[in-house]
Amino acid sequence: MIPNLKTNEKKLIKMSIGGYVTQPSFKNPGYIPDNDGNSVILPGMYGVVNNVKVGDKAFGWNGDHIEPGVSIDSENINEHFALHYLVCTGNKAIVRSGEAKGKTGIVTGEHARNLIHFEQNILEKICVGDQIDIITHGRGLKLLDFPEIEIKKIDPNLLKSMNFKVENKKLIVDVAIELPIKIMGSGAELNSEYVDQDLMSGDRSLMKKLKIDQMKLGDLIVINHADHRWGRSYKKDHVSIALCIHGDSVMTGHGPGIMTIMTGTKKTLGWRINKKANLKNILKIKL
Amino acid sequence: MKIETNEKLLVNVSVVGSVCQPNFQSLPAEPYRLDSNGSPFLLPSWGSIVHNVSIGDSAFGWEADCIHPGVSIKYPNEAGNRGLNILSCVGNDATIMSGEAKNAKGIVTGKSGRFSEQVIVHFPKKIREKISINDKILIKSFGVGLKINNFKDVFCKSLSPQLFNKMNIKNKNNKMIIPVTHIIPEHLIGAGSGLTSESGSLHIQTTDSSEMTKYKLDKLKLGDIIYIENYDSSYQHGFLRNAWAVGIIGQTNGPRAGYGPGITILMSSKKNNAKAKLESSANIINYIKFIK
């Protein structure tokens with residue numbers, strides 16, 4: 001953390017938005033094909049996940065695209081997009097209805113829905129359909145001394161809690177793992193303000209060799225030669241910093257998801273490997 | 001000379017709206033809007049509960065696109081929303097009817113225009129976190145039909161007697177002398193022209209920053225009462241020589257061409273029967289009791 005890292009935080013808007021706790025859902029007949037073509041049925045995506053949390057492993061669960069904690073969304077399509085464009089990781093969440101009414105949680109990322117962490121005793125009181133409001137804060141956040149670096153969807157408090165150092169006018173960010181650009185898959189078709197991009201975990205021996213299979217939910221990661229300004233594409237000497245937000249997948253072209261939080265060029269943005277660079281430690285999240 | 005109105009003949013009607021969500025257009029459209037130079041941007045926009053911007057704050061400098069200070073409400077169906085939008089008047093009392101902040105009191109401070117059509121309500125900052133999306137807010141609407149004695153050619157719009165009576169307007173030689181913070185030339189009026197003046201908003205154009213400095217418009221605050229020259233909002237908004245309109249700054253500046261700070265029109269006339277008097281204190285926060 002650099003105490004004198006200058007931002008435009010005071011100009012940002014704090015705006016509420018509501019979402020609703022989602023229900024797990026399947027498409028008929030329920031099977032999905034794994035990398036070898038076998039049909040499997042696994043829990044994953046949507047709902048309240050009681051036993052997988054930020055800081056837990058991203059690989060090895062008997063699940064597909066597991067979203068830790070509570071996943072919220074709105075069935076109104078325009079509200080769905082507003083949830084995706086305004087909610088920032090690290091934002092405060094307040095339960096507005098049901099048994100857990102008034103309890104607070106914290107946004108831990110964005111997949112096809114917004115993901116929120118609540119402490120275990122609160123989690124068990126949350127019901128599908130409950131309304132959860134997020135106090136969004138972070139859209140438009142800028143690093144004033146690094147105008148070339150774009151910040152995406154993080155709460156100013158999360159930015160301030162991350163570990164940085166400045167070397168030769170270059171911002172060095174602590175990350176847990178480096179991902180090679182060639183394994184970046186599903187999500188390349190979306191604009192980079194929306195949802196996430198999966199790393200492709202199908203080459204299991206490579207995952208093991210590069211120790212990517214030790215990745216944790218909430219890990220900060222870096223992808224070299226990735227430009228995430230307007231989409232997610234290969235561009236030499238561009239650097240993107242992201243956050244691991246959901247668990248592994250058995251489907252080809254899929255794997256744990258990462259959502260972009262910073263993107264720039266190697267001239268101004270660098271990284272340092274630090275295994276502790278995980279959201280759970282940065283935000284001091286209580287389980 | 002003191003100015004009197006037909007206040008005692010007005011009808012006080014309850015209207016209700018729900019705290020509304022921010023909205024964005026769906027895929028495959030990109031989320032970006034274009035700024036006045038053609039560059040894409042993505043920033044918070046109208047609607048919802050805005051926790052850190054209030055009436056009295058600057059209308060410029062926020063990382064936002066025409067943000068509404070405080071709380072924005074809407075009625076779910078279109079006809080009902082027209083009722084809410086037309087009958088609510090700036091200065092009317094609002095009460096939260098459901099949720100954790102139930103019974104809290106607020107004040108209507110403005111309206112928003114085409115594509116959003118919301119009513120903007122001030123509530124104290126410290127209770128905003130208790131307000132939930134979808135909470136019901138009731139407005140005791142009072143003001144539609146307001147007429148000013150001896151000024152039959154002046155149309156009052158979205159203007160409550162609560163506000164009008166405090167605006168220090170005087171009658172001098174059959175001209176209304178209206179205290180305002182700024183005078184805006186008609187060429188700087190943008191989005192909203194051609195639309196109804198009974199609800200909605202009219203926006204200042206802020207792309208030319210040298211004009212902003214020239215007319216000191218970059219110093220505008222939310223809640224400022226302003227005067228527009230050569231502009232007629234009697235029925236709809238449009239240019240007319242010697243006409244005038246007075247309004248309140250309801251929402252902040254934004255990067256889009258034509259979409260600077262929004263104005264909710266309060267009064268207008270085709271006749272040359274008013275004069276603006278520049279006073280920096282002509283802001284609703286100095287006229288109506290607000291809890292910050």
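1. Let's start with helix α1 of chain A, where the buried residues are N78(A), E79(A), H80(A), F81(A), A82(A), L83(A), H84(A), Y85(A) and L86(A). Please keep in mind that this is a predicted model. The helix spans residues 77-86, and 9 of its 10 residues are buried, so the helix is mostly covered. As for what does the covering, the elements include β1 (14-21), β5 (69-73), β7 (104-110), β8 (114-117) and β9 (131-137) of chain A.

2. Staying with chain A, have a look at the hairpin made by β11(A) and β12(A). Strand β11 covers residues 164-167 and strand β12 covers residues 170-175; the two run antiparallel and are joined by 4 bridges. Within this pairing, F164(A) sits opposite V173(A) of β12(A). There are 2 residues between the strands, and N168(A), in the turn, has a positive phi of about 50°.

3. A loop residue of chain A that you may want to find in the viewer is K125(A), between α2 (120-123) and β9. Is K125(A) buried or partly exposed? Its relative accessibility is 42%, and because buried means under 20% and exposed over 50%, K125(A) counts as partly exposed. Leaving aside residues up to four places away in sequence, K125(A) touches E99(A), A100(A) and D130(A). For A100(A), the separation along the chain is 25 residues, while the C-alpha atoms of K125(A) and A100(A) are 5.4 Å apart.

4. Turning to chain B as a whole, the secondary structure comes to 3 helices and 18 strands. The radius of gyration of chain B is 18 Å, close to the 19 Å that the globule rule gives for 292 residues, so chain B is as compact as a globular protein of that length. Along the principal axes, the C-alpha atoms of chain B fill a box of roughly 55 × 45 × 35 Å.

5. How is chain B packed? Of its 292 residues, 60% count as buried. Among the contacts in chain B with a separation of 6 or more, 71% come from residues 24 or more positions apart.

6. The surface and charges of chain B are worth a quick note too. Chain B exposes about 12200 Å², and carbon and sulfur atoms supply 51% of that area. Chain B has 34 positive and 23 negative charges, and the mean positions of these two sets are 8 Å apart.

7. Strand β8 of chain B (residues 119-122) is a nice one to inspect by side chain: V119(B) and V121(B) point one way, I120(B) and H122(B) point the other way, and all are buried. Which strands pair with β8(B)? One of them is β5 of chain B (residues 70-74), antiparallel to β8(B) over 3 bridges. Another is β7 of chain B (residues 105-111), also antiparallel to β8(B), over 4 bridges. V119(B) takes part in both pairings: I73(B) stands opposite V119(B), and so does K111(B).

8. Finally, N272(B) is in the loop between β17 (262-269) and β18 (274-278) of chain B. With 48% relative accessibility, N272(B) counts as partly exposed. Not counting residues up to four places away in sequence, N272(B) touches K175(B) and N242(B). N272(B) and K175(B) are 97 residues apart in sequence, and the C-alpha to C-alpha distance between them is 8.2 Å.

Notes:
Residues numbered from 1 in each chain as written. Chains lettered and ligands numbered in written order. Predicted model: local features only at pLDDT ≥ 70, side-chain atom pairs only at ≥ 80, totals over all residues. Heavy atoms only, no water. Rg over C-alpha atoms; globule rule 2.2 N^0.38 Å. Buried < 20%, exposed > 50% of the residue type's maximum accessible area, 1.4 Å probe, protein only. Contact = heavy atoms within 4.5 Å. Areas by Shrake-Rupley, 256 points an atom, 1.4 Å probe, with all protein chains shown as cover. Lys, Arg positive; Asp, Glu negative; His and termini not counted. Charge placed at Lys NZ, Arg CZ, Asp CG, Glu CD. Pairing = 2+ DSSP bridges.
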